[in-house]
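Trainee: Could you take me through a close look at one part of this chain, and then show me how the surroundings fit around it? Take your time, I'd like the whole picture.

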Amino acid sequence: AKYVYTWGAGKADGNGSMKALLGGKGANLAEMTRIGLPVPPGFTITTEVCTYYYANKRTYPAALQAQMEAGVANMEKIMGTKFGATNGMPLLVAVRSGARDSMPGMMDTILNLGLNDQTVISLENSTNNPRFAWDCYRRFIQMYGDVVLGVQKREGEDHEPFETVIEGFKHEKYHGDIEDSKLTADDQKELVKRFKALVLERTGKQFPNNPWDQLRGAAGAVFGSWMNDRAKVYRAKYNIPSEWGTAVNVQAMVFGNTGETSGSGVAFTRNPANGVNEFYGEFLINAQGEDVVAGVRTPEPVLELKKQMPKSYAELLKVRATLEKHFKDVQDIEFTIQEGKLFMLQTRNGKRTAAAALKFSIDMVKEKLIDWKTAITRNPADQLEQLLAPIFDLAEVKKASVIATGLPAGPGAATGKIYFNAERSVQAAEKGEKVLLVRVETSPEDLRGMIAAEGILTARGGVSSHAALVARQMGKVCVCGAAALQIDYDKKTVTVGGTTYHEGDFLSIDGTSGTVYAGQIKTAPSEIIAGLVNNDAAAKATEKFKSFTQLMKWCAQATKLSVRTNADTPEQTRIAVAFGAVGIGLTRTEHMFFEGDRIDAMREMILADSLAGREAALAKLLPYQRDDFYGIFKALKGFPATIRFLDPPLHEFLPHTKEQQMDLARKLSIPVEKIMHRVHELHEFNPMLGFRGCRLGIKYPEITAMQARAVIEAAVKAKKDGIKSKPEIMIPLVGFKKELDLQVAIVHEVAAKVFAEQKTKVEYSVGTMIEVPRGALTADEIAQTAEFFSFGTNDLTQTCLGMSRDDSGSFLAPYQEAEVFKKNPFASVDQTGVGQLMKIAIEKGSKTRPGIKLGICGEHGGDPDSVKFCHKIGLTYVSCSPYRVPVARLAAAQAAI
Ligand code: ADP
Ligand code: MG
Ligand code: MG
């Protein structure tokens with residue numbers, strides 16, 4: 001088998017498309033060689049060797065050594081040097097790790113390998129540059145000692161041991177007052193001696209002298225680092241499977257440290273922060289590559305090269321153009337200049353902010369580098385929200401002090417006075433204050449406070465906690481689970497890092513990074529929101545706005561899957577429609593019962609002992625609900641609205657503290673014991689699987705009747721006012737056809753009554769959520785009654801996996817690290833399990849009712865991977881929170897390309 005792929009002198013075994021086998025770095029080194037760029041020769045040991053290594057007790061395939069020897073011979077021939085030469089110029093190599101994507105946690109690169117006490121002399125003699133030769137040797141022992149031999153900082157030590165040796169030496173000889181690059185050949189020689197002594201002391205072994213031992217040791221260290229803890233944690237975080245493995249690149253050294261005509265640098269072909277088409281990077285004269293990023297000396301902007309090495313700079317500009325033309329994307333490059341000659345050491349597609357990605361894609365279409373479909377794929381869907389978020393004033397945030405970090409749950413920047421409960425947040429906001437709601441964690445009762453606040457900060461809770469979910473739905477800035485915060489509700493204080501902040505003090509949060517700052521930081525709204533939602537003319541004139549709307553136009557052209565929104569209010573609906581939503585996929589009617597006095601009527605209904613009592617309370621809710629629906633229909637401008645009937649367990653509406661219960665008792669003039677009794681009665685051990693969904697409407701048909709009346713009357717009123725509406729009534733948690741039949745009968749009966757009363761008719765349909773496995777498995781029966789399906793993937797995930805979303809926090813992290821599942825199944829659809837149920841339901845449902853309308857309304861509807869899955873299995877639409885609509889539109893378009 002072929003384990004080694006060589007490149008050099010214009011030829012390469014591999015190419016840029018072979019990233020899985022050669023890793024990102026190796027594949028692109030081969031590609032750059034092929035297109036004639038100056039790349040020092042080398043070879044890649046494939047990722048298959050890594051797989052072999054772990055499958056065979058950390059040993060190598062027998063054929064590898066001979067192939068490596070051939071690879072080294074190829075380098076020798078091209079370079080005119082010899083590996084381990086004690087006479088004439090020795091071949092030195094860099095050993096570089098090579099995962100598909102560059103990965104922190106992997107082994108650091110080792111430069112100058114092949115040096116020992118003999119070859120350093122031949123290097124010195126052939127270059128006539130002793131300072132350079134011994135600088136290389138000193139660097140090599142340091143890097144190899146650190147990464148391969150593990151001579152690293154021990155507990156209790158403040159500095160890396162090699163650095164300690166250097167510092168000690170500098171103190172002895174120069175009183176510490178000298179730059180590394182000014183050290184003489186003799187100084188470097190002395191350091192080599194001391195470094196070797198350090199290695200012997202720490203490892204009990206001599207530093208390896210034989211270049212081949214060095215090479216095998218370094219390659220083994222790269223493979224070994226694939227399974228170190230840092231790499232594992234990184235892979236878990238970014239969903240990189242461990243089966244991928246890493247490649248190893250061995251490449252002839254070129255030298256940026258020979259003197260003032262040499263140097264090393266890194267650059268982007270365009271600015272990756274803001275997208276501007278300008279060469280962007282930095283370099284250091286007389287340095288090897290690692291120095292540029294290590295921060296020992298401050299590098300200079302790459303544009304300075306023009307003055308210092310005009311010829312090399314001109315060449316670099318040519319390479320920049322060649323690379324963009326060839327890769328058709330912005331490149332992140334590493335280069336070295338040896339005595340005026342330029343060498344390319346790496347290129348890859350540059351990481352970029354969402355703003356830069358947008359500008360790159362639009363500009364490159366204009367430049368005819370890419371077509372509009374490619375432009376769509378160049379914008380990472382999961383980053384798009386960055387463009388919508390309000391932003392901190394950049395200069396101000398630099399001056400601010402970080403006091404804590406948590407999960408970045410709602411992207412954007414928010415600053416305001418802190419308040420510790422919903423009520424006081426609302427009051428403050430009504431007075432015109434900017435408010436940050438700070439809670440240990442949030443619950444539905446905090447909703448009004450969350451709406452009033454600029455941002456939400458919690459000490460507990462994860463990505464799928466209530467705070468995070470609401471933040472996503474409302475596009476609120478949110479940092480959750482900032483564990484360092486000690487919140488005292490009684491004293492109305494939050495203490496962190498020894499400082500106590502009182503209610504009314506200013507804090508600022510960055511929900512994109514999860515950072516909490518002390519004090520107030522100025523923000524500005526995103527131009528896109530200002531333009532689309534607020535119709536702000538100045539914002540519409542900005543390049544960012546124009547680019548964004550152009551991108552969305554292209555998406556509309558490409559897409560098959562349409563995007564609806566989850567919205568409970570006319571305002572949310574209006575925003576979603578502005579973002580291009582073509583309907584509502586989920587209105588959670590219960591959210592409407594939390595506002596203002598309605599909660600009291602709801603509680604009265606729950607506490608009533610008789611049908612008459614319940615009906616009286618429901619009658620109070622009816623007009624509210626009808627008005628809500630009317631407002632939503634109006635905001636929808638004729639688009640369909642899927643309205644889900646009451647779903648949550650009733651106890652969620654009742655007060656749980658003694659104080660609140662007494663309050664309610666006074667308000668309703670009933671004994672508090674009655675409330676306590678009812679709360680007790682409604683208590684469930686497992687409410688997720690309890691008395692909720694259509695089970696409520698089956699026990700209390702009058703609830704369903706009221707909701708049906710509200711929907712139909714709103715639609716009739718809309719019709720009379722000349723507003724088109726398309727209500728789709730959705731019955732939740734159906735597992736049995738009979739459940740749906742019972743509810744649908746009520747809806748039809750009520751609708752017929754309303755039509756008779758109002759002497760007019762409107763179109764409506766009734767369907768169901770598929771959110772328990774039995775519903776999916778018997779979808780053929782259910783589709784006899786259901787006119788549409790909407791996959792409630794939140795509950796379907798809970799019921800399919802038998803895992804509670806709210807309680808999974810305690811084991812989710814270890815599960816992801818152990819790769820039980822690759823992604824949090826509550827954030828991204830578990831395609832093999834839950835996806836299987838969806839496919840079954842689609843197949844069976846479509847058999848009974850060909851062309852049945854199929855949607856998804858779980859949180860997953862805004863997750864790009866899940867959206868792509870929904871496209872693949874043939875759903876009609878996805879539905880997500882208003883601010884996720886552009887994300888879903890982008891993902892849906894990408895799925896169709
Ligand atoms: P990373 O993946 O951490 O960027 P690299 O393998 O790219 O590691 O190496 C880091 C730096 O080492 C490069 O940017 C370059 O400056 C230097 N380097 C790597 N290979 C060579 C080489 N063949 N000759 C000279 N310098 C090299
Ligand atoms: Mg690199
Ligand atoms: Mg549900």
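Mentor: Helix H24 (611–636), helix H25 (658–668) and helix H26 (672–682) are among the elements that cover the buried residues of helix H23. Bear in mind that you're looking at a predicted model. H23 itself spans residues 598–607, and its buried residues are Met 602, Arg 603, Glu 604, Met 605 and Leu 607. Note that Arg 603 and Glu 604 are on that list along with Met 602 and Met 605.

Now for the wider frame. The domain assignment splits the chain into domain 1 (4–252), domain 2 (254–352), domain 3 (389–525) and domain 4, which is made of 559–594, 624–649 and 694–896. Measuring over C-alpha atoms, the centres of domain 1 and domain 3 sit 46 Å apart.

Let's go to strand S8, residues 247–252. Six of its six residues are buried, so the strand is largely enclosed by the rest of the structure. In a regular strand, side chains alternate between the two faces of the sheet. With S8, neither face is left open: Ala 247, Asn 249 and Gln 251 are buried on one side, and Val 248, Val 250 and Ala 252 are buried on the other.

S8 has partners, too. Strand S3 (residues 42–45) runs antiparallel to S8 and is joined to it by four bridges; if you want a register mark, take Thr 44, which stands opposite Asn 249. Strand S6 (residues 93–98) is also antiparallel to S8, here with six bridges, and Ser 97 has Val 248 as its bridge partner.

Just before S3, have a look at Val 39, which lies in the loop between helix H1 (19–34) and S3. Being in a loop doesn't leave Val 39 open: it has 27 C-beta neighbours inside 10 Å, so it counts as buried. The cut-off for buried is 20 or more. Once you set aside the neighbours within four places in sequence, Val 39 is in contact with Trp 7, Leu 29, Met 32, Thr 33, Phe 343 and Met 344. Pro 272 makes a handy yardstick from there: it is 233 residues from Val 39 in sequence and 24 Å from it in space, C-alpha to C-alpha.

There's a helix pair to look at as well. Helix H5 (residues 130–147) and helix H7 (residues 185–203) have axes that come within 8 Å and cross at roughly 20°. That angle is under 35 degrees, so H5 is roughly parallel to H7. The crossing is left-handed. From H5, the residues that meet H7 include Pro 130, Trp 134, Tyr 137, Ile 141 and Gly 145; on the H7 side, the residues involved include Ala 185, Leu 191, Val 192, Phe 195 and Val 199. Charged residues take part too, among them Arg 131, Asp 135 and Arg 138 from H5 and Lys 189 and Lys 196 from H7.

On to the sheets. One is an open, antiparallel sheet of five strands in the order S11-S10-S9-S12-S13. Strand S11 (300–301) and strand S13 (341–349) are at its edges with a single partner strand each, so one side of each has no neighbour in the sheet. Further in, strand S9 (residues 263–268) and strand S10 (residues 280–285) pair in the antiparallel sense over six bridges, with Ala 267 opposite Gly 281.

Leading into strand S12 (331–338) from helix H12 (310–327) is a loop that holds Lys 328. Lys 328 isn't a glycine, yet its phi is positive, about 55°. Lys 328 has 15 C-beta neighbours inside 10 Å, so it counts as partly exposed.

Lys 492 also has a positive phi of about 55° without being a glycine. You'll find Lys 492 in the loop between strand S21 (486–488) and strand S22 (493–496). With 17 other C-beta atoms within 10 Å, Lys 492 is partly exposed.

That loop takes you into a three-stranded open sheet, antiparallel, in the order S21-S22-S23. S21 and strand S23 (499–502) are the edge strands, each pairing on one side only. On average, neighbouring strands in this sheet are turned by 20° against each other, direction ignored. Finally, S22 and S23 run antiparallel and are joined by four bridges, and Val 494 stands opposite Tyr 501.

How values were computed. Residues numbered from 1 in each chain as written. Chains lettered and ligands numbered in written order. Predicted model: local features only at pLDDT ≥ 70, side-chain atom pairs only at ≥ 80, totals over all residues. Domains from an automatic or database assignment. Buried ≥ 20, exposed ≤ 12 C-beta atoms within 10 Å, placed from the backbone. Helix = DSSP H or I, 4+ residues; strand = E, 2+ residues; numbered from the N terminus. Pairing = 2+ DSSP bridges. Contact = placed C-beta atoms within 7 Å. Axes fitted to C-alpha atoms, helices over the stretch in contact; angles between N-to-C directions. Parallel < 35°, antiparallel > 145°, perpendicular 65-115°, else oblique. Left-handed = near helix turned anticlockwise from the far one by under 90°.
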